Amino acid sequence: MSGARLVLHQFRYDQKTFWRNPAATFFAVVLPVMFLFIFVSIFGNKNLALPGHGLIKGSTYYLPGIVTLGVISTTFTNLAISLTVSRERGLLKRLRKTPLPTWAFLTSRTGTSAVTAVLLFVVLVAIGRVVYGVSIPGQPIVGALLALFVGAFSFAALGFALTGAIGSENAAAPITNFIILPLYFISGVFIPDDQIPSGVRSIAGVFPVKRLYEAFLKAFDPTTTGTGIDWTSLAIVAAWGVAGALVAVKTFRWSPRSG
């Protein structure tokens, strides 16, 4: 069987495994959709004054934030938890003894997360447009799609890297959420930027969550012209992704660490 067919075969299996896992589907896909409805319903659709953007309708502000949440949930969070669980249950160790090449497995898992992120992006944008009247970017959609691509693969790499620091199946979810949840809050995903102290915003700007959110926000900002690409933010996200990939190469384990 050719390499491409091996990846496709494994990809189909990984897709079925993901969608048949109620917990993974809920937290990675359903929860971001719920958050979009909840946030706009509670905080309203009034204009928000955002640093560097001026006045933006509430739904237009929250959509990029929830898209950021969705991309990270389907890649970083999902991979860090699911890979750790598979490793600790001995599934990765057994998988490595099969004829499936390592690169095919890694490509399939990354591709599965990226495709899920794309599907969630489409669903969230459609809801934002149909339910709340969020304008779909014209030419700046290029920036949104590039942010989606860079964000999905960078956070997937970070998800692989984090598994090396998680010592047990029970610790997977707590450690992953301990890392990512505070970043959501200080990065503007849950709280508008105008309500976050400038010093905290500066600290958040070092991390990829804030930068990915800013890349999506620029693309969806109605005042944005051109392609809507935030090169600085995406460069920082990509740098984190490269660092994550390098760490993953050194620390990713196939055999259980506990027991």
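## The largest pocket

Sorted by class, the residues lining the largest pocket are 22 nonpolar, 11 polar and three charged. This is a predicted model, and in it the pocket has a volume of about 1,000 Å³. If you would like a place to start looking, the lining residues closest to the pocket centre are N21, A24, N78, I81 and S82, out of 36 in the lining.

Which helix gives the largest share of that lining? Helix α3 does, with nine residues. Helix α3 covers residues 58-88, and it is one of several elements that each supply at least two lining residues. The others are α1 (3-19), α2 (22-43), α4 (91-96), α5 (102-132) and α7 (169-186).

## S233 in helix α10

Now to another part of the chain: S233 sits in helix α10, which runs over residues 231-251. Is S233 buried or exposed? Its relative accessible area is 0%, under the 20% cut-off, so S233 counts as buried.

Leaving aside residues up to four places away in sequence, S233 is in contact with R211, E214 and A215.

## How confident is the prediction?

The protein has a mean pLDDT of 89, with 96% of its residues at 70 or more. Confidence peaks in α10, the helix that holds S233, at a mean of 97. At the other end of the range is strand β1 (residues 47-50), where confidence is lowest, at a mean of 69. Predicted coordinates should not be read in detail where pLDDT is low.

Definitions and conventions. Residues numbered from 1 in each chain as written. Predicted model: local features only at pLDDT ≥ 70, side-chain atom pairs only at ≥ 80, totals over all residues. Heavy atoms only, no water. Helix = DSSP H or I, 4+ residues; strand = E, 2+ residues; numbered from the N terminus. Buried < 20%, exposed > 50% of the residue type's maximum accessible area, 1.4 Å probe, protein only. Contact = heavy atoms within 4.5 Å. 1 Å grid on protein atoms, 1.4 Å probe; cavity = no way out; pocket = protein on both sides within 12 Å on 5 of 7 lines; lining within 4 Å. Points joined across faces, edges and corners; volume = space filled by probe spheres on them. Nonpolar A, V, L, I, M, F, W, Y, C, P; charged D, E, K, R; others polar. pLDDT = per-residue confidence, 0-100.
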